[in-house]
Amino acid sequence: MAVNEAIYKELTGSFSKKDVTLVAVSKTKPDEDIRALYDLGQRDFGENYVQEIIEKHARLPRDIRWHFIGHLQTNKVKYLAPFIYMIHGIDSFKLLKEVNKQASRCGRIIPVLLQVHIAREDTKFGLDENELKALLLQAGELGHIVIKGLMGMASFTSDAQAVRSEFRYLRSLYDQLLTTHHLPLTTLSMGMSGDYRIAVQEGSNMVRIGSLLFGARS
Ligand SMILES: *Cc1c(COP(=O)(O)O)cnc(C)c1O
């Protein structure tokens, strides 16, 4: 399965003008596909499965920035802590505390994003607004994590207006944290293959794109 080079160039061309970071989501895809994008200059890659990201990290170039974008169990954090560049899916204080503990053991400070539940479906993980604010109050005591921003996934629907309003809601939370709570956030991670255009229009500065670049997953 080949990487879509034309789409990659088109995406990176338009994203670089807008200061949007592309995370290439390579879950289930072979090393050769990752290397193909790496050779074109891509350095940020996203994975969902702990075992897979560990193995790929061991085999692939050291300067790849590995993003963990899946649902993370607390007992797996220790495997990621030595090398992970950013963890996108923090959705509880328990998990955040464990990341802090394992980062401390490695002598690291790990950048994280808090995942907010914005979709109508209740199948997707994430914090609601109250949980988010409660977690931010508790997080102050943790010295080995740094909260860089928010991450969210919109509903899986062809209703573009619904998707837009979900992204807009996440953007408004992000802005609130910046302006009212004065948090030094930098990253709003929203948008995937099917909805990244809307996400960027609504203020995303980090998109996570898999199938558009690598082809459909089986
Ligand atoms: C798989 C995945 C993506 C990429 O999905 P595509 O539709 O293939 O672009 C983005 N974000 C998360 C959290 C994912 O699990």
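In this predicted model, the side chain of Arg-43 is placed over the face of Tyr-38, at 3.6 Å from the ring centre. A second arrangement of this kind involves Arg-65, which lies over the face of Tyr-85 at 5.9 Å from the ring centre.

Contacts between aromatic rings were examined next, and the count comes to two aromatic pairs. In one of them, Phe-15 and Tyr-196 have ring centres 5.9 Å apart and planes at 90°, so the pair is classed as edge-to-face, the angle being over the 60 degrees that this class requires. Phe-15 belongs to helix α1, which spans residues 5–18, whereas Tyr-196 belongs to helix α8, which spans residues 196–201, so the pair ties together parts of the chain that are 181 residues apart in sequence. Phe-15 has a relative accessibility of 3% and therefore counts as buried, and Tyr-196, with a relative accessible area of 9%, is buried as well; for both residues the assignment follows because buried means under 20% relative accessible area.

The other aromatic pair is formed by Phe-45 and Trp-66, whose rings are tilted with respect to one another, at 6.1 Å centre to centre and with 40° between the planes. Phe-45 is located in strand β2 (residues 44–47) and Trp-66 in strand β3 (residues 65–68), so that this pair ties together parts that are 21 residues apart in sequence. Both Phe-45 and Trp-66 are buried.

Attention was then turned to the ligand, around which 13 residues are found, and of these Lys-27, Ser-193, Gly-210, Ser-211 and Arg-217 come nearest. The shell that these residues make up divides into six nonpolar, four polar and three charged members. Polar contacts to oxygen atoms of the ligand involve both side chains and backbone: an N or O atom in the side chain of Lys-27 is 2.8 Å from a ligand oxygen, and an N or O atom in the side chain of Arg-217 is likewise placed 2.8 Å from an oxygen atom of the ligand. For Ser-211, by contrast, it is a polar backbone atom that lies 2.8 Å from an oxygen atom of the ligand. Taken alone, the ligand exposes 390 Å², and the protein buries 91% of that area.

Note on methods: Residues numbered from 1 in each chain as written. Predicted model: local features only at pLDDT ≥ 70, side-chain atom pairs only at ≥ 80, totals over all residues. Heavy atoms only, no water. Near = heavy atom within 4 Å. Polar contact = N/O pair within 3.5 Å; in protein donor to acceptor, adjacent residues only side chain to side chain. Areas by Shrake-Rupley, 256 points an atom, 1.4 Å probe, with all protein chains shown as cover. Nonpolar A, V, L, I, M, F, W, Y, C, P; charged D, E, K, R; others polar. Phe/Tyr/Trp six-rings, centres within 6.5 Å; stacked < 30°, edge-to-face > 60°. Helix = DSSP H or I, 4+ residues; strand = E, 2+ residues; numbered from the N terminus. Buried < 20%, exposed > 50% of the residue type's maximum accessible area, 1.4 Å probe, protein only. Lys NZ or Arg CZ within 6 Å of the ring centre and 35° of its normal.
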